[in-house]
Amino acid sequence: MPRLNELIEILSEPAVTERYAHAKATKTCKICKGPATRFRNTPSSCEYAISAICQRCQDLYFYDCLPSEEALSSL
Ligand SMILES: [Zn+2]
């Protein structure tokens, strides 16, 4: 998790914390405020249910160190 510290910093901002309920109610992301309606798999949608973080931000902050699906399929 190379960007974990960055994520912790973002999540500790009061503005981001305050957006949580609104983000869940409107199916948007509390970090980027973008739509959060599509998820790759069940763990990702569960993560949104817990954290209100969209797939794109999950990829960016949680899975930055993992190979992309394109990289895996070209093996
Ligand atoms: Zn987002």
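## Elements and confidence

Helices here are DSSP runs of H or I with at least four residues, and strands are runs of E with at least two, both numbered from the N terminus. The model is predicted. On that assignment the protein has 5 helices and 0 strands, and from the N terminus on the order of elements is α-α-α-α-α.

The mean pLDDT of the protein is 88, and 81% of the residues score at least 70. Confidence is highest in helix H2 (residues 14-26), with a mean of 97, and lowest in helix H5 (residues 69-73), with a mean of 59.

## Burial and contacts overall

The protein has 75 residues, of which 16% count as buried. Among contacts with a separation of 6 or more, 35% are between residues 24 or more positions apart.

## Helix H1

Leucine 4 and leucine 11 both belong to this helix: leucine 4 is found in H1, which covers residues 4-11, and leucine 11 lies in H1 too. Leucine 4 has 12 other C-beta atoms within 10 Å and is therefore exposed, since 12 or fewer is the limit for that class. Leucine 11 has 15 such atoms within 10 Å, so it is partly exposed.

Each of these leucines has a partner distant in sequence. The C-alpha atoms of leucine 4 and phenylalanine 62 are 7.1 Å apart, with their positions 58 residues apart in sequence. For leucine 11 and isoleucine 31, the sequence separation is 20 residues and the C-alpha distance is 8.0 Å.

## Helix H2 and the loop after it

H2 has 13 residues, which at 1.5 Å a residue should span 18 Å; the end C-alpha atoms are 19 Å apart, in agreement with that value. The helix also has a kink of about 40° centred on tyrosine 20. Of the 13 residues of H2, the number buried is 1, so H2 lies largely in the open.

Just after H2, lysine 27 takes a positive phi of about 55°, although lysine 27 is not a glycine. Lysine 27 is placed in the loop between H2 and H3. It has 12 C-beta neighbours inside 10 Å and therefore counts as exposed.

Arginine 38 is found in the loop between H2 and H3 as well. With 10 C-beta neighbours inside 10 Å, arginine 38 counts as exposed. The C-alpha atoms of arginine 38 and glutamine 55 are separated by 7.2 Å, and the two residues are 17 residues apart along the chain.

## Helix H3 and the loop after it

Helix H3 comprises residues 42-51; of these 10 residues the number buried is 1, so H3 lies largely in the open. Isoleucine 50 is in H3. Isoleucine 50 has 7 other C-beta atoms within 10 Å and is therefore exposed. Its C-alpha atom is separated by 9.5 Å from that of lysine 24, which is 26 residues away along the chain.

Just after H3 comes alanine 52, with a positive phi of about 60°. Alanine 52 is not a glycine either. This residue is found in the loop between H3 and helix H4 (55-61). Alanine 52 has 23 C-beta neighbours inside 10 Å and so counts as buried, the cut-off for that class being 20 or more. Two loop residues with positive phi thus stand in opposite classes, because lysine 27 has 12 neighbours and is exposed, whereas alanine 52 has 23 and is buried.

## The nonpolar core

In soluble globular proteins, nonpolar side chains tend to be buried together. The largest nonpolar core here has 9 residues: Ala23, Cys29, Ile31, Ala36, Tyr48, Ala52, Ile53, Cys54 and Cys57. Alanine 52, the residue with a positive phi of about 60° just after H3, is one of these core members.

Isoleucine 31 is another member of this core. Leaving aside residues up to four places away in sequence, isoleucine 31 touches Ile10, Val16, Ile53 and Cys57. Ile53 and Cys57 are themselves listed in the core. Isoleucine 31 is also the residue whose C-alpha atom is 8.0 Å from that of leucine 11.

Technical notes
Residues are numbered from 1 along each chain as its sequence is written. This is a predicted model: local features need pLDDT of at least 70, side-chain atom pairs count only at pLDDT 80 or more; totals for chains, interfaces and linings use all residues. pLDDT is the predictor's confidence in each residue, from 0 to 100. Two residues are in contact if their C-beta atoms, placed from the backbone, lie within 7 Å. The expected span of a helix is 1.5 Å times one less than its number of residues. The bend at a residue is the angle between axes fitted to the seven residues ending there and the seven starting there. A nonpolar core is a set of buried Ala, Val, Leu, Ile, Met, Phe, Trp, Tyr and Cys residues joined through C-beta atoms within 7 Å.
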